[in-house]
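The following paragraphs lead through one protein model, from a loop to a metal site and then to the interior and the surface. Please keep the sequence and the structure in view while reading.

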Amino acid sequence: MIIIPFSENLVAYTKVAADLERIVVRMVFESYGVGKHHESHVGSANYLCRVMKYRDPEISETKMAFVPHTDKSFMSTIHQNNVDGLEIKAKDGEWFGLHGLSFSSVVVMAGDAIMAWSNDRIKSPIHRVTMEGNEARYSLAQFTVMEKDMVKAPNEFVDEDHPLRYKPFDHLKFLNFFNQEENRMLESPIHTYCGL
Ligand SMILES: O=C(O)CCC(=O)C(=O)O
Ligand SMILES: [Fe+2]
């Protein structure tokens, strides 16, 4: 039997997840009529993958395993084992859980950076993880970060009816801003950082 080291499997996964993310982002760019900007976008993107284990909660513990938040990425891809837990807050304020995701399912989620890039056409949803039952949940969350160019809404998204809502910003600097202790509890760090 050939045993493939965990790190090799993980790197292989990150490549597949990045490919998938690029396909989704291309679909988004094309559906909003700004496909011509896609190539420069891809050249600026890099990826950070986080591996998580949420153990089953003790009776005395809260079920909240990951507090409500929006991702600070451009996009995120999330892959999990067969233990449910990811919940998303809908526009009407109701939480809904993602159930019965298969081993071949990947959740693609909009982050704060695509919200700013799209001049609020695409919203980054608030989501959380809650744990029930007695099995551990494992997930791989991969975040797209725009490393080279500033994140800036294409001119096509800005007009009299849709004034610019975010100043162009450096994504890495925004992540540094969010990582400072005093900014972690802000209601909407992206608005505080570059909202107009
Ligand atoms: O583990 C999950 O399903 C989601 C994790 C998450 O929301 C995050 O890392 O930002
Ligand atoms: Fe998240």
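Asn119 sits in the loop between helix 3 and strand 7, where helices (H or I, at least four residues) and strands (E, at least two) are DSSP runs numbered from the N terminus. The model is a predicted one, in which local features need pLDDT of at least 70, side-chain atom pairs count only at pLDDT 80 or more, and totals for chains, interfaces and linings use all residues. Residues are numbered from 1 along each chain as its sequence is written, chains are lettered from A and ligands numbered from 1 in the order in which they are written, and side-chain values use heavy atoms, with hydrogens and water left out.

The phi angle of Asn119 is near 55°, a positive value in a residue other than glycine. Asn119 counts as buried, at 3% relative accessibility; buried means under 20% relative accessible area, exposed over 50%, and partly exposed in between (1.4 Å probe, protein chains only). Asp120 lies in the loop between helix 3 and strand 7 and has a positive phi near 75°. Asp120 is buried, with a relative accessible area of 13%.

The iron ion (ligand 2) is held by the protein donors His69 (NE2), Asp71 (OD) and His127 (NE2), which lie 2.1 Å from it. Donors are N, O and S atoms within 2.8 Å of the metal (3.2 Å for Na, K and Ca), and sites may look incomplete because water is not among the atoms. Along the sequence, the donor residues follow the spacing H-x1-D-x55-H. Distant parts of the chain are linked here: Asp71 belongs to the loop between strand 2 (64–69) and strand 3 (75–80), whereas His127 belongs to strand 7 (residues 127–130), 56 residues apart. Asp71 is buried at 6% relative accessible area, and His127 is buried at 4%.

Turning to the interior, the largest nonpolar core has 25 residues, and Phe74, Ile114, Trp117, Phe169 and Ile190 have the most contacts inside it. Such a core is a set of buried Ala, Val, Leu, Ile, Met, Phe, Trp, Tyr and Cys residues joined through side-chain atoms within 4.5 Å. Helix 1, helix 3 (112–117), strand 8 (137–146), helix 4 (171–179) and helix 5 (189–194) each supply at least two residues of this core. Helix 3 gives the most, with five residues.

As for the surface, Leu20 lies in helix 1 (residues 6–31) and is partly exposed, with a relative accessible area of 30%.
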